[in-house]
Amino acid sequence: MPSPFPGMDPYLEGYLWPDVHHRLATQISDQITPAIRPRYVARIEVQVVQDETPEAEIGIMYPDVEILLRRAPRPEAPPAPTYPTGGGVMVAEPPAVTPATYSVALGQIDVRLASVHILDTAQNQLVTSIEILSPVNKREPGLTQYRAKRRRLHAAGVHLLEIDLLRRGQRPLLTQQVPNSAYRITLTRSGANSVDVWALNLADPLPVLPVPLRAPDKDVTLDLGLGFATIYERAAYDLSIDYHAAPPPPPFTAEEQDALATLLKNLP
């Protein structure tokens, strides 16, 4: 069964997201490779980062978060019983049993982030980076780290295509000129002072995107909708989703709830 949504499926923003993230990176690489060869290649770059604040994802992306249990120290043993000097016997009562107590701490979680790097085959230099944002990129301290990465890529003259298909978190690029939307895709071309933005909502299909290369080569196209539909079918995500339940947070606005109900009304 295909997704009932014409664009991004919000039900994939929960525990299935890591699988979606990596499958989408592979599909993007496979789709654009025939169009960029032989002058360029597409390579999947995997970066391991630590999620230092995993509390925000408990019950969303981390249903089985690892915890560290530390047993509190036992109380000191009670003093030995004493006997009266008059010859009587004092029977010591058994000491009260103190229940074991534990402290619970969340451990840091390693997150593997996949991006697609387009390299020229002549010098093996990075030309274009296609970044698929993860929740760790959209909240601190990962947000600041990702913004620093954006600046490094721009300073190095690398085109940057950012695909943000997550409703939660903060956008790395803040601008008042773009309306609020559920999803956002941005393209920052090398040396440009402006950014191309696609602001998408639940009822919007995923667009066909330009992928810039090194001048004088023309842009190639990335059909993001086709790529998403392909991974949805191959992964059989419909078998893991209950569309009669609420989707992962954050909560929808009243307008989004109406759109959600319309898109799901014909499901069995």
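Visitor: How much space lies in the largest pocket?

Guide: In this predicted model, the largest pocket holds about 260 Å³ of space.

Visitor: What makes up the lining of the largest pocket?

Guide: The lining consists of 21 residues, and those nearest the centre of the pocket are Gln-47, Val-49, Leu-113, Asn-137 and Lys-149. Two or more lining residues come from each of β1 (40-51), β4 (109-120), β5 (126-132) and α2 (142-155). Helix α2 gives the most, with 5 residues. Sorted by class, the pocket lining has 8 nonpolar, 8 polar and 5 charged residues.

Visitor: How many cavities of 30 Å³ or more does a search of the whole structure find?

Guide: The search finds 1 cavity of that kind, and the volume of the largest cavity is about 70 Å³. The term cavity applies because a 1.4 Å probe fits there but cannot get out, whereas a pocket is an open set.

Visitor: Which residues line the largest cavity?

Guide: The residues are Leu-133, Glu-162, Asp-164, Arg-171, Pro-172, Leu-173, Arg-184, Ile-185 and Thr-186. Strands β6 (159-164) and β7 (183-188) are the elements that give two or more residues to this lining, and β7 gives the most, with 3. By class, the cavity lining has 4 nonpolar, 1 polar and 4 charged residues.

Visitor: With which residues is Arg-147 in contact, leaving aside its neighbours within four places in sequence?

Guide: Arg-147, which is placed in helix α2, is in contact with Gln-170, Arg-171, Pro-172 and Leu-174. Each of these contacts is counted because heavy atoms lie within 4.5 Å. For Arg-147 and Arg-171, 24 residues apart along the chain, the C-alpha atoms are separated by 10.0 Å. Among these contact residues of Arg-147, Arg-171 and Pro-172 also appear in the lining of the largest cavity.

Visitor: Why are α1 and α3 called oblique to each other?

Guide: Helix α1 (residues 17-36) and helix α3 (residues 224-235) pack at an angle of about 125 degrees. Roughly perpendicular covers 65 to 115 degrees, and roughly antiparallel requires an angle over 145. The angle of about 125 degrees belongs to neither class, and the two helices are therefore oblique. Their axes are 9 Å apart, and the crossing is right-handed.

Visitor: Which residues of α1 and α3 meet?

Guide: From α1, Asp-19, Val-20, Arg-23, Leu-24, Gln-27 and Gln-31 take part; from α3, Leu-224, Gly-227, Phe-228, Thr-230, Ile-231, Arg-234 and Ala-235 do so. The residues of this contact divide into 6 nonpolar, 4 polar and 3 charged.

Visitor: What is the omega of the peptide bond from Glu-140 to Pro-141, and is the bond cis or trans?

Guide: Omega is near 0 degrees, and the bond is cis. Pro-141 lies in the loop between β5 and α2.

Visitor: Which residue does a cis peptide bond join to Pro-216?

Guide: The bond joins Ala-215 and Pro-216, with an omega of about 10 degrees. Pro-216 is placed in the loop between β9 (208-211) and β10 (220-223). Cis bonds deserve mention because most peptide bonds are trans.

Visitor: What is the phi of Asn-124?

Guide: Asn-124 has a positive phi of about 55 degrees, although this residue is not a glycine. Most residues other than glycine have a negative phi. Asn-124 is found in the loop between β4 and β5.

Technical notes: Residues numbered from 1 in each chain as written. Predicted model: local features only at pLDDT ≥ 70, side-chain atom pairs only at ≥ 80, totals over all residues. Heavy atoms only, no water. Axes fitted to C-alpha atoms, helices over the stretch in contact; angles between N-to-C directions. Helix = DSSP H or I, 4+ residues; strand = E, 2+ residues; numbered from the N terminus. Parallel < 35°, antiparallel > 145°, perpendicular 65-115°, else oblique. Left-handed = near helix turned anticlockwise from the far one by under 90°. Nonpolar A, V, L, I, M, F, W, Y, C, P; charged D, E, K, R; others polar. 1 Å grid on protein atoms, 1.4 Å probe; cavity = no way out; pocket = protein on both sides within 12 Å on 5 of 7 lines; lining within 4 Å. Points joined across faces, edges and corners; volume = space filled by probe spheres on them.
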